[in-house]
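Me: I have a model open and want to check the terms used for it. Take me through them one at a time.

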Amino acid sequence: MTNGTIEIIPIVGIGEVTAGADVASLIYAALEDRDGLRERDVVVVTHKIVSQAEGRTVAVTDDADYRRVVEAEAATVIRRRGELIIAQTSHGFICANAGVDRSN
């Protein structure tokens with residue numbers, strides 16, 4: 001790799017994460033399978049596996065359920081526009097729909 005080049009290499013083999021899982025250990029084990037990390041490597045972790053490990057996934061059946069989950073995650077609602085809510089979470093993050101992702 002040369003200066004100014006970014007190489008993205010996925011970490012494979014983790015599979016579905018369950019509540020209570022130790023995400024750091026799962027990532028470490030998967031990295032060891034590919035000879036670990038190199039100097040200056042950066043590891044990016046998706047919020048999906050963190051949410052799964054924390055047991056913070058909720059099945060929603062309709063838009064009303066989804067809005068209830070968003071409202072529950074919002075410590076402060078900053079702005080509303082149609083279905084979009086800009087909110088601050090209890091962690092202090094300001095994000096769309098209080099960081100609740102319904103794609104997975």
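Me: How many aromatic pairs does a search of the whole structure find?
Reply: It finds 0. A pair needs ring centres of Phe, Tyr or Trp (its six-membered ring) within 6.5 Å. This is a predicted model: local features need pLDDT of at least 70, side-chain atom pairs count only at pLDDT 80 or more, and totals for chains, interfaces and linings use all residues. Residues are numbered from 1 along each chain as its sequence is written, and side-chain values use heavy atoms, without hydrogens or water.

Me: What makes Arg102 sit over the ring of Tyr66?
Reply: A charge counts as over a ring if NZ of Lys or CZ of Arg is within 6 Å of the ring centre and within 35 degrees of the ring normal. The charged end of Arg102 is 4.2 Å from the centre of the Tyr66 ring, and sits over it.

Me: Why is the set with Tyr66, Val69 and Val70 called a nonpolar core?
Reply: A nonpolar core is a set of buried Ala, Val, Leu, Ile, Met, Phe, Trp, Tyr and Cys residues joined through side-chain atoms within 4.5 Å. Buried means under 20% relative accessible area (1.4 Å probe, protein chains only). The largest such core has 8 residues, including Tyr66, Val69, Val70, Ile85 and Val100. Helix α3 (63-73) and strand β2 (84-89) each supply at least two. α3 gives the most, with 3. Helices (H or I, at least four residues) and strands (E, at least two) are DSSP runs, numbered from the N terminus.

Me: Why do the buried residues of α1 line one face of the helix?
Reply: In α1 (23-32), Val23, Ile27, Ala30 and Leu31 are buried. Seen down the axis, they fall within an arc of 100°, so they line one face. The arc is that of directions from the helix axis to the C-beta atoms.

Methods: Buried < 20%, exposed > 50% of the residue type's maximum accessible area, 1.4 Å probe, protein only. Phe/Tyr/Trp six-rings, centres within 6.5 Å; stacked < 30°, edge-to-face > 60°.
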